[in-house]
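Me: I am new to this structure and would like to go through the terms used for it, one by one, setting each value against its definition. Please begin with the words for how open a residue is.

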Amino acid sequence: MTTPASTHALPSYLDPNHLGPWGVYLQQVDRVTPYLGSLARWVETLKRPKRALIVDVPIEMDNGTIAHFEGYRVQHNLSRGPGKGGVRFHQDVTLSEVMALSAWMSIKNAAVNVPYGGAKGGIRVDPKKLSRSELERLTRRYTSEIGIIIGPSKDIPAPDVNTNAQVMAWMMDTYSQNVGATSTGVVTGKPVDLGGSLGRVEATGRGVFTVGCEAARLTGMAIEGARVAVQGFGNVGGTAGKLFAEAGAKVVAVQDHTGSIHNAKGLDVPALLAHVQQTGGVGGFAGADAMANDEFWGVACDILIPAALESQITQDNAGKIQAKMVIEGANGPTTPEADDILHDKGVLVVPDVIANAGGVTVSYFEWVQDFSSFFWTEEEINARLVRIMKEAFAGVWQVAQDNKVSLRTATFIVACKRMLHAREMRGLYP
C-alpha cells in the first residue's frame, strides 16, 4: 500500500513509499475532510498520533538464552477521554500498523459515542513459538515497560489478535503490583472472576450481527435464508456466524488460516465451532467440501463477513465478490481501492469502525462496572449493547443518506466531528 509522500506532512519515522495501514487511514481522513465544515481547520490533529511509545521487551527463554522483542503502545487521540484499544502479539506487527489501529479505535469510540480516545499496542512476536511461561514473562515485561502511559484513567488495553483473558489477567496483575494496589480497571477483556464482564467474549460478533440485521432491514434483505460467508472463525467470525445461523441464515463458506470450506446447503455451525475448538481451525471439517483459498472470495453468497486480519479484500479479489453486503468484523479488512470497486458494483459495505465496535462497547461496560464494583447481568449487558449499536448505526445511516456517501465515510464524518469538536472546545494548552 503506497501513498504519495507529497499529500501529507509525514512523521520522519515512517517510510513515505511504504506507509502500510497508516496510508489507508490517511486516505480515509482525506475522504472525510470536505464534510467537516469549520472543524476542518483541526483535521491535521487526526493525521498524527498524540504519543507513540516503542519499547524493548527482553525476556529469559526457557533454554536460558535472552531474547529481545519489539513492543509498541500508540495513543492516537485523547481528546474525548482515556485511550482504549487492544494489544496484539503477531510476528508482522509494525509501528505503521499499530498507529493505524489506534486511529481506527479513535474513530470507533467516537462513532458509538463511548467516552474514550483511541490507542493500540502490540509486540512483534509469534506467540505460537513461545511456551506458556515465556508468554507470561513477555506479557509482564511489556506491561511494565508501557506502565508509564497506561492506567484506568489514562489508557486501558484489551485483547486483540493472539491475546486473551489470561494475557489481560497477567497485565492487570503486573500493573497492580507496580502501583501497589489491585487495579481491575487498567485492562478490559479480563476473566469474569477478576472483574471481567459477562458478554465480553461474544460482544464483537454480536455487534457485527446487530448492525448486519439493521443494514439488512434498511435495504430490504431478509436474514431468513440469506447465504453467509465468513473469513476467520474465532471470537468474532464464529460468534457472528452462530448468531446469523440462529436467525435463519445459512453459513455456506468459511475460511481461516487452516483452509477454506464450503457447503451450499449450509454448514452445521455448532458442529463447526466444536471442530475449531478441538483442532484449531476449520480445515478438515467433515460436514463440508474443501475449496481453494482464492475461490472463497467468489463464492455465491448474500452476506460476506471478513473477520480475520486487515487488507484481505483488495483490488485483486473485490471484483469476484458476489455478496450484496460486506460486514467488516476485522479491522481494516478492505483497502480503499477495493472499497471503490465494491461501491461501483453496488455492494453495501458496513465498515469496521461501526460493525465491530461491539467489543469496545462492552469493554466500556466492563470498565464502568470495575469503577463502581457493581456488576450487571448478561441480559442487561446484551440489551444495552444492542441499543447502543442500533442507535449508532441509525445515526451513521442518516448521515450517509444526507451526504450521499458510503457508510465508511459517514462513520468517519460522525466520529471526526465528535473528536474535533472536543478538541476545539478544549483548545490548545499552553
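Reply: A residue is called buried when its relative accessible area is under 20%, exposed when it is over 50%, and partly exposed in between, with a 1.4 Å probe and protein chains only. This is a predicted model, in which local features need pLDDT of at least 70 and side-chain atom pairs count only at pLDDT 80 or more, while totals for chains, interfaces and linings use all residues. Residues are numbered from 1 along each chain as its sequence is written, and side-chain values use heavy atoms, with hydrogens and water left out.

Me: Why does D30 count as partly exposed?

Reply: The relative accessibility of D30 is 33%, which lies between the two cut-offs, so D30 counts as partly exposed.

Me: And what makes K47 buried?

Reply: K47 has 10% relative accessibility, and because this is under 20%, K47 counts as buried.

Me: Why is the contact of K47 and D30 called a salt bridge?

Reply: A salt bridge is a side-chain nitrogen of Lys or Arg within 4 Å of a carboxyl oxygen of Asp or Glu; the side chains of K47 and D30 meet at 3.9 Å, N to O, so the pair fits that rule. K47 lies in the loop between α1 (21–32) and β1 (51–60), whereas D30 is in helix α1, so the pair ties together parts that are 17 residues apart in sequence. Helices (H or I, at least four residues) and strands (E, at least two) are DSSP runs, numbered from the N terminus.

Me: How many salt bridges does this rule give?

Reply: The count comes to 24 salt bridges, and R88, E97, K120, D160 and E310 are linked in a network of them.

Me: How do you know that R140 and E136 form a salt bridge?

Reply: Their closest N and O atoms are 2.9 Å apart, which is within 4 Å, so the pair qualifies. R140 and E136 both lie in helix α3 (residues 132–146), four residues apart, about one turn of the helix. At 24% relative accessibility R140 counts as partly exposed, and E136, at 26%, counts as partly exposed too.

Me: What do D339 and R408 tie together?

Reply: The side chains of D339 and R408 meet in a salt bridge at 2.6 Å, N to O. Because D339 lies in helix α8 and R408 in helix α12, the pair ties together parts that are 69 residues apart in sequence. D339 is buried, and so is R408.
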